[in-house]
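Work through these exercises with the model open beside you. Each task is followed by a solution in steps.

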Amino acid sequence: MKATLAPSSLISLPRHKVSSLRSPSLLLQSQRPSSALMTTTTASRGSVAVTAAATSSVEALREGIAEFYNETSGLWEEIWGDHMHHGFYDPDSSVQLSDSGHREAQIRMIEESLRFAGVTEEEKKIKRVVDVGCGIGGSSRYIASKFGAECIGITLSPVQAKRANDLAAAQSLSHKVSFQVADALEQPFEDGIFDLVWSMESGEHMPDKAKFVKELVRVAAPGGRIIIVTWCHRNLSPGEEALQPWEQNLLDRICKTFYLPAWCSTSDYVDLLQSLSLQDIKCADWSENVAPFWPAVIRTALTWKGLVSLLRSGMKSIKGALTMPLMIEGYKKGVIKFGIITCQKPL
(Lines give C-alpha, C1' and ligand atoms only; values in the text may rest on other atoms or scores of the structure.)
Protein backbone atom coordinates (compact mmCIF):
# COMPACT_ATOMS: atom_id res chain seq x y z
CA MET A 1 0.00 0.00 0.00
CA LYS A 2 1.34 3.39 -0.98
CA ALA A 3 1.33 6.47 1.18
CA THR A 4 -1.19 9.18 0.47
CA LEU A 5 0.55 12.51 0.87
CA ALA A 6 -1.19 15.84 0.82
CA PRO A 7 0.29 18.21 -1.78
CA SER A 8 1.64 20.47 0.95
CA SER A 9 3.66 17.61 2.46
CA LEU A 10 5.77 17.10 -0.65
CA ILE A 11 8.27 19.68 -1.82
CA SER A 12 10.13 19.19 -5.09
CA LEU A 13 12.92 21.68 -5.58
CA PRO A 14 14.79 22.59 -8.77
CA ARG A 15 18.58 22.57 -8.72
CA HIS A 16 18.97 26.29 -9.31
CA LYS A 17 16.81 27.45 -6.42
CA VAL A 18 18.87 28.67 -3.47
CA SER A 19 17.05 29.01 -0.18
CA SER A 20 17.65 32.12 1.90
CA LEU A 21 16.56 30.44 5.12
CA ARG A 22 20.01 29.60 6.42
CA SER A 23 23.60 29.51 5.30
CA PRO A 24 24.75 25.86 4.91
CA SER A 25 28.23 26.77 6.10
CA LEU A 26 26.78 27.63 9.49
CA LEU A 27 25.09 24.30 10.04
CA LEU A 28 27.82 22.97 12.28
CA GLN A 29 25.90 21.41 15.13
CA SER A 30 27.62 20.92 18.47
CA GLN A 31 26.93 20.22 22.11
CA ARG A 32 27.48 21.92 25.42
CA PRO A 33 30.68 20.62 26.96
CA SER A 34 29.09 18.86 29.91
CA SER A 35 29.38 15.40 31.34
CA ALA A 36 25.73 14.78 30.61
CA LEU A 37 26.23 15.66 26.93
CA MET A 38 23.42 18.18 27.07
CA THR A 39 23.15 19.79 23.65
CA THR A 40 22.32 23.24 22.38
CA THR A 41 19.24 23.11 20.18
CA THR A 42 18.80 26.79 19.43
CA ALA A 43 17.92 27.25 15.76
CA SER A 44 18.17 30.67 14.16
CA ARG A 45 17.53 32.08 10.74
CA GLY A 46 20.92 33.05 9.33
CA SER A 47 22.89 31.00 11.86
CA VAL A 48 22.60 28.16 14.28
CA ALA A 49 23.51 29.38 17.76
CA VAL A 50 25.81 26.76 19.18
CA THR A 51 28.59 26.71 21.70
CA ALA A 52 32.12 25.91 20.57
CA ALA A 53 32.69 22.15 20.49
CA ALA A 54 36.08 20.92 21.52
CA THR A 55 37.40 17.76 19.98
CA SER A 56 37.04 16.06 23.32
CA SER A 57 33.32 16.85 23.37
CA VAL A 58 32.80 15.33 19.92
CA GLU A 59 34.73 12.25 20.98
CA ALA A 60 32.62 12.01 24.13
CA LEU A 61 29.49 12.17 21.99
CA ARG A 62 30.75 9.35 19.75
CA GLU A 63 31.61 7.23 22.75
CA GLY A 64 28.21 7.95 24.28
CA ILE A 65 26.40 6.92 21.10
CA ALA A 66 28.42 3.70 20.85
CA GLU A 67 27.82 2.82 24.50
CA PHE A 68 24.11 3.62 24.22
CA TYR A 69 23.64 1.22 21.32
CA ASN A 70 26.00 -1.37 22.77
CA GLU A 71 23.66 -1.55 25.75
CA THR A 72 20.24 -1.11 24.16
CA SER A 73 20.39 -2.94 20.82
CA GLY A 74 19.85 -6.39 22.32
CA LEU A 75 16.72 -5.22 24.11
CA TRP A 76 15.34 -3.65 20.95
CA GLU A 77 15.97 -6.78 18.89
CA GLU A 78 14.36 -9.00 21.53
CA ILE A 79 11.17 -6.94 21.58
CA TRP A 80 10.97 -5.38 18.11
CA GLY A 81 13.26 -7.36 15.82
CA ASP A 82 16.14 -6.29 13.62
CA HIS A 83 14.74 -3.01 12.24
CA MET A 84 15.77 -0.22 14.60
CA HIS A 85 13.61 2.55 13.19
CA HIS A 86 10.07 3.92 13.08
CA GLY A 87 7.26 2.15 11.31
CA PHE A 88 5.21 3.75 8.54
CA TYR A 89 1.43 3.76 9.12
CA ASP A 90 -1.58 5.16 7.34
CA PRO A 91 -2.61 8.46 8.95
CA ASP A 92 -5.01 8.01 11.87
CA SER A 93 -4.47 4.24 11.86
CA SER A 94 -4.81 2.38 15.14
CA VAL A 95 -2.54 -0.65 15.40
CA GLN A 96 -3.08 -2.60 18.59
CA LEU A 97 -0.25 -4.19 20.54
CA SER A 98 -1.40 -7.70 19.63
CA ASP A 99 -1.21 -6.93 15.92
CA SER A 100 1.79 -7.93 13.82
CA GLY A 101 1.39 -4.59 12.08
CA HIS A 102 4.30 -2.87 13.82
CA ARG A 103 7.10 -4.91 12.27
CA GLU A 104 5.28 -4.81 8.95
CA ALA A 105 5.17 -1.04 9.33
CA GLN A 106 8.96 -0.97 9.76
CA ILE A 107 9.37 -2.86 6.48
CA ARG A 108 6.89 -0.48 4.91
CA MET A 109 9.07 2.44 6.06
CA ILE A 110 11.89 1.04 3.92
CA GLU A 111 9.59 0.52 0.94
CA GLU A 112 7.99 3.96 1.18
CA SER A 113 11.41 5.60 1.45
CA LEU A 114 12.62 3.83 -1.68
CA ARG A 115 9.42 4.70 -3.51
CA PHE A 116 9.61 8.36 -2.51
CA ALA A 117 13.19 8.53 -3.83
CA GLY A 118 12.17 6.92 -7.11
CA VAL A 119 14.11 3.72 -6.48
CA THR A 120 11.96 0.88 -7.83
CA GLU A 121 12.39 -2.89 -7.78
CA GLU A 122 13.03 -2.73 -11.50
CA GLU A 123 15.97 -0.40 -10.88
CA LYS A 124 18.97 -2.14 -12.43
CA LYS A 125 21.54 0.44 -11.38
CA ILE A 126 21.47 -0.46 -7.68
CA LYS A 127 24.55 -2.65 -7.39
CA ARG A 128 26.32 -1.20 -4.35
CA VAL A 129 24.71 0.31 -1.27
CA VAL A 130 26.05 1.91 1.90
CA ASP A 131 23.90 1.92 5.03
CA VAL A 132 25.10 4.85 7.15
CA GLY A 133 24.14 4.18 10.75
CA CYS A 134 23.13 0.59 10.07
CA GLY A 135 22.01 -0.58 13.50
CA ILE A 136 22.01 -4.37 13.45
CA GLY A 137 21.63 -4.38 9.69
CA GLY A 138 17.92 -4.82 9.09
CA SER A 139 17.72 -2.30 6.23
CA SER A 140 20.95 -3.56 4.65
CA ARG A 141 19.82 -7.17 4.51
CA TYR A 142 16.38 -6.19 3.21
CA ILE A 143 17.76 -3.94 0.46
CA ALA A 144 20.45 -6.45 -0.51
CA SER A 145 17.82 -9.17 -0.87
CA LYS A 146 15.43 -6.90 -2.75
CA PHE A 147 17.91 -5.67 -5.36
CA GLY A 148 20.55 -8.41 -5.29
CA ALA A 149 22.98 -5.65 -4.37
CA GLU A 150 26.13 -5.60 -2.28
CA CYS A 151 25.60 -3.61 0.90
CA ILE A 152 28.07 -2.27 3.45
CA GLY A 153 26.79 -0.98 6.78
CA ILE A 154 28.64 1.26 9.21
CA THR A 155 27.94 1.97 12.88
CA LEU A 156 29.79 3.39 15.87
CA SER A 157 28.75 0.37 17.95
CA PRO A 158 30.98 -2.74 17.91
CA VAL A 159 28.11 -4.73 19.40
CA GLN A 160 25.82 -3.73 16.55
CA ALA A 161 28.42 -4.48 13.87
CA LYS A 162 29.08 -7.96 15.26
CA ARG A 163 25.40 -8.77 15.63
CA ALA A 164 24.67 -7.49 12.11
CA ASN A 165 27.39 -9.74 10.65
CA ASP A 166 26.12 -12.70 12.67
CA LEU A 167 22.59 -12.19 11.37
CA ALA A 168 23.87 -11.86 7.81
CA ALA A 169 25.70 -15.18 8.19
CA ALA A 170 22.61 -16.83 9.67
CA GLN A 171 20.58 -15.67 6.66
CA SER A 172 23.28 -16.76 4.16
CA LEU A 173 23.88 -13.16 3.11
CA SER A 174 27.53 -12.75 4.12
CA HIS A 175 28.56 -12.78 0.46
CA LYS A 176 26.32 -9.74 -0.12
CA VAL A 177 26.27 -7.84 3.15
CA SER A 178 28.98 -6.80 5.61
CA PHE A 179 29.19 -4.44 8.57
CA GLN A 180 31.98 -2.52 10.25
CA VAL A 181 32.65 0.10 12.90
CA ALA A 182 33.18 3.47 11.23
CA ASP A 183 32.34 7.14 11.64
CA ALA A 184 29.72 8.52 9.26
CA LEU A 185 31.62 11.82 9.18
CA GLU A 186 34.82 10.10 8.03
CA GLN A 187 33.66 7.15 5.99
CA PRO A 188 36.39 4.65 5.01
CA PHE A 189 35.31 4.48 1.37
CA GLU A 190 36.57 5.78 -1.95
CA ASP A 191 34.76 8.58 -3.71
CA GLY A 192 31.75 7.84 -5.90
CA ILE A 193 31.26 4.11 -5.43
CA PHE A 194 27.70 3.61 -4.10
CA ASP A 195 24.57 3.63 -6.25
CA LEU A 196 22.39 4.09 -3.17
CA VAL A 197 23.42 5.96 -0.04
CA TRP A 198 20.99 5.09 2.74
CA SER A 199 20.68 6.85 6.11
CA MET A 200 17.71 5.63 8.14
CA GLU A 201 17.41 7.61 11.39
CA SER A 202 21.10 8.29 11.91
CA GLY A 203 21.36 11.95 10.88
CA GLU A 204 20.06 13.10 14.25
CA HIS A 205 23.26 11.78 15.86
CA MET A 206 25.59 13.81 13.62
CA PRO A 207 27.35 16.75 15.37
CA ASP A 208 28.25 18.34 12.02
CA LYS A 209 25.31 18.18 9.63
CA ALA A 210 27.22 19.87 6.79
CA LYS A 211 30.07 17.37 6.96
CA PHE A 212 27.58 14.52 7.23
CA VAL A 213 25.81 15.54 4.03
CA LYS A 214 29.10 16.13 2.21
CA GLU A 215 30.24 12.61 3.10
CA LEU A 216 26.99 11.12 1.81
CA VAL A 217 27.48 13.01 -1.45
CA ARG A 218 31.16 12.12 -1.67
CA VAL A 219 30.64 8.36 -1.55
CA ALA A 220 27.61 8.41 -3.88
CA ALA A 221 28.30 7.36 -7.46
CA PRO A 222 27.42 9.75 -10.29
CA GLY A 223 23.70 9.33 -10.80
CA GLY A 224 23.39 7.66 -7.40
CA ARG A 225 20.48 8.25 -5.05
CA ILE A 226 20.78 9.58 -1.49
CA ILE A 227 18.03 8.92 1.04
CA ILE A 228 18.04 10.61 4.46
CA VAL A 229 15.26 9.72 6.90
CA THR A 230 15.75 11.55 10.16
CA TRP A 231 14.33 13.28 13.22
CA CYS A 232 14.13 17.04 12.69
CA HIS A 233 12.73 20.05 14.49
CA ARG A 234 10.02 22.06 12.79
CA ASN A 235 10.87 24.56 10.08
CA LEU A 236 11.04 28.13 11.34
CA SER A 237 8.22 30.41 10.26
CA PRO A 238 8.88 33.56 8.20
CA GLY A 239 10.36 36.19 10.48
CA GLU A 240 11.06 33.69 13.23
CA GLU A 241 14.65 33.71 14.44
CA ALA A 242 14.69 30.68 16.74
CA LEU A 243 12.68 27.94 18.34
CA GLN A 244 10.72 28.94 21.41
CA PRO A 245 12.55 28.41 24.75
CA TRP A 246 10.14 25.67 25.81
CA GLU A 247 10.73 23.88 22.50
CA GLN A 248 14.49 24.07 22.96
CA ASN A 249 14.14 22.74 26.50
CA LEU A 250 12.07 19.79 25.31
CA LEU A 251 14.65 18.83 22.68
CA ASP A 252 17.50 19.25 25.16
CA ARG A 253 15.88 16.75 27.50
CA ILE A 254 15.59 14.22 24.67
CA CYS A 255 19.17 14.88 23.58
CA LYS A 256 20.49 14.14 27.05
CA THR A 257 19.08 10.60 26.99
CA PHE A 258 19.63 9.63 23.36
CA TYR A 259 23.07 11.23 22.88
CA LEU A 260 22.01 13.72 20.24
CA PRO A 261 23.76 16.96 19.27
CA ALA A 262 21.75 19.96 18.07
CA TRP A 263 18.77 19.27 15.84
CA CYS A 264 18.08 20.89 12.49
CA SER A 265 15.07 21.16 10.19
CA THR A 266 14.29 19.57 6.85
CA SER A 267 14.80 23.02 5.33
CA ASP A 268 18.37 22.96 6.63
CA TYR A 269 19.02 19.67 4.84
CA VAL A 270 17.50 21.04 1.65
CA ASP A 271 19.76 24.10 1.88
CA LEU A 272 22.82 21.89 2.24
CA LEU A 273 21.89 19.71 -0.73
CA GLN A 274 21.15 22.74 -2.88
CA SER A 275 24.54 24.22 -2.00
CA LEU A 276 26.16 21.06 -3.36
CA SER A 277 24.20 21.22 -6.64
CA LEU A 278 22.33 17.97 -6.12
CA GLN A 279 19.48 17.11 -8.46
CA ASP A 280 15.85 16.10 -7.89
CA ILE A 281 15.81 17.29 -4.27
CA LYS A 282 12.61 16.29 -2.51
CA CYS A 283 11.46 16.33 1.10
CA ALA A 284 8.34 15.42 3.02
CA ASP A 285 7.00 15.47 6.55
CA TRP A 286 5.96 11.96 7.57
CA SER A 287 5.17 12.82 11.19
CA GLU A 288 1.53 11.71 10.85
CA ASN A 289 2.67 8.42 9.34
CA VAL A 290 4.85 7.54 12.34
CA ALA A 291 2.45 8.81 15.03
CA PRO A 292 1.44 5.32 16.29
CA PHE A 293 5.03 4.21 16.74
CA TRP A 294 6.15 5.65 20.09
CA PRO A 295 2.87 4.83 21.89
CA ALA A 296 3.31 1.25 20.66
CA VAL A 297 6.89 1.13 21.96
CA ILE A 298 5.71 2.37 25.36
CA ARG A 299 2.93 -0.24 25.49
CA THR A 300 5.50 -2.91 24.70
CA ALA A 301 7.79 -1.67 27.47
CA LEU A 302 4.94 -1.93 29.97
CA THR A 303 4.32 -5.63 29.33
CA TRP A 304 5.83 -8.15 31.73
CA LYS A 305 8.34 -9.27 29.09
CA GLY A 306 9.19 -5.67 28.31
CA LEU A 307 9.72 -4.68 31.92
CA VAL A 308 11.94 -7.69 32.67
CA SER A 309 14.00 -7.10 29.53
CA LEU A 310 14.26 -3.39 30.30
CA LEU A 311 15.58 -3.97 33.80
CA ARG A 312 18.03 -6.56 32.54
CA SER A 313 19.29 -4.29 29.78
CA GLY A 314 20.58 -1.52 32.04
CA MET A 315 20.23 2.11 33.03
CA LYS A 316 20.57 3.59 29.52
CA SER A 317 17.62 1.52 28.36
CA ILE A 318 15.59 2.56 31.40
CA LYS A 319 16.35 6.24 30.81
CA GLY A 320 15.43 5.78 27.15
CA ALA A 321 12.07 4.32 28.14
CA LEU A 322 11.39 7.20 30.51
CA THR A 323 12.16 9.69 27.72
CA MET A 324 9.73 8.16 25.22
CA PRO A 325 6.78 10.28 26.40
CA LEU A 326 8.81 13.38 25.50
CA MET A 327 9.04 12.14 21.91
CA ILE A 328 5.26 11.78 21.84
CA GLU A 329 4.88 15.27 23.30
CA GLY A 330 7.27 16.68 20.71
CA TYR A 331 5.33 15.15 17.83
CA LYS A 332 1.93 16.19 19.20
CA LYS A 333 3.06 19.79 19.73
CA GLY A 334 4.67 20.00 16.30
CA VAL A 335 8.20 20.57 17.57
CA ILE A 336 9.55 17.24 16.32
CA LYS A 337 9.13 16.33 12.68
CA PHE A 338 9.89 13.03 11.03
CA GLY A 339 11.45 14.02 7.74
CA ILE A 340 12.61 12.34 4.57
CA ILE A 341 14.99 14.13 2.21
CA THR A 342 16.14 12.57 -1.05
CA CYS A 343 18.22 13.64 -4.03
CA GLN A 344 20.35 12.42 -6.89
CA LYS A 345 24.01 13.09 -7.54
CA PRO A 346 24.63 14.57 -11.01
CA LEU A 347 26.17 12.32 -13.66
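A residue counts as buried when its relative accessible area is under 20%. Trp 231 meets that cut-off and is buried, and so is Phe 258. Keep in mind that this is a predicted model.

**Exercise 1. Describe the chain as a whole: how many helices and strands does it have, and what share of its residues is buried?**

Step 1. Count the elements. The protein chain has 11 helices and 8 strands.

Step 2. Check burial. Of its 347 residues, 56% count as buried.

Step 3. Look at the surface. About 14,600 Å² is exposed, and carbon and sulfur atoms supply 56% of that area.

Step 4. Ask how far contacts reach along the sequence. Take the contacts between residues at least 6 apart; 78% of them join residues at least 24 apart.

**Exercise 2. Place Glu 204 and find what its side chain meets.**

Step 1. Locate the residue. Glu 204 is in the loop between strand 5 (194-200) and helix 5 (209-219).

Step 2. Test for a salt bridge. That would need a side-chain nitrogen of Lys or Arg within 4 Å of a carboxyl oxygen. The nearest side chain of opposite charge, Lys 209, is 7.8 Å away. Glu 204 is therefore buried without a salt bridge.

Step 3. Look for a polar partner. The side chains of Glu 204 and Thr 230 make a polar contact of 2.6 Å.

Step 4. List the surroundings. Beyond its neighbours within four places in sequence, Glu 204 is in contact with Lys 209, Thr 230, Trp 231, Leu 260 and Pro 261.

**Exercise 3. Examine helix 5: which residues are buried, and what do they pack against?**

Step 1. Begin at the start of the helix. A side-chain oxygen of Asp 208 comes to within 3.2 Å of the backbone nitrogen of Ala 210.

Step 2. Count the covered positions. In helix 5, 8 of 11 residues are buried.

Step 3. Name them. They are Lys 209, Ala 210, Phe 212, Val 213, Glu 215, Leu 216, Val 217 and Val 219.

Step 4. Find the partners. These buried residues pack against strand 2, strand 5, strand 6 and helix 7 (266-275).

**Exercise 4. Do likewise for helix 3 (residues 138-147).**

Step 1. Count again. Helix 3 is mostly covered, with 8 of its 10 residues buried. Among them are Arg 141, Ile 143, Lys 146 and Phe 147.

Step 2. Find the cover. It includes helix 2 (101-116), strand 3 (150-155) and helix 4 (158-170).

Step 3. Move just past the helix. Gly 148 takes a positive phi of about 65 degrees there.

**Exercise 5. Characterise the aromatic pairs: how many are there, and which parts of the chain do two of them link?**

Step 1. Take the total. The structure holds 14 aromatic pairs.

Step 2. Take one pair. Phe 116 and Trp 286 are edge-to-face, 5.8 Å centre to centre with 80 degrees between the planes. Phe 116 is in helix 2, and Trp 286 is in the loop between strand 7 (279-285) and helix 8 (287-290); they are 170 residues apart. Both Phe 116 and Trp 286 are buried.

Step 3. Take another pair. The ring centres of Trp 231 and Phe 258 are 6.0 Å apart and the planes are at 80 degrees, so this pair is edge-to-face too. Trp 231 lies in strand 6 (residues 220-233) and Phe 258 in helix 6 (residues 245-258), so the pair ties together parts 27 residues apart in sequence.

Step 4. Widen the view. Ring pairs link Trp 231 and Phe 258 into a cluster that includes Phe 68, Tyr 69, Trp 76 and Trp 263.

Note on methods. Residues numbered from 1 in each chain as written. Predicted model: local features only at pLDDT ≥ 70, side-chain atom pairs only at ≥ 80, totals over all residues. Heavy atoms only, no water. Helix = DSSP H or I, 4+ residues; strand = E, 2+ residues; numbered from the N terminus. Buried < 20%, exposed > 50% of the residue type's maximum accessible area, 1.4 Å probe, protein only. Lys, Arg positive; Asp, Glu negative; His and termini not counted. Polar contact = N/O pair within 3.5 Å; in protein donor to acceptor, adjacent residues only side chain to side chain. Contact = heavy atoms within 4.5 Å. Areas by Shrake-Rupley, 256 points an atom, 1.4 Å probe, with all protein chains shown as cover. Phe/Tyr/Trp six-rings, centres within 6.5 Å; stacked < 30°, edge-to-face > 60°.
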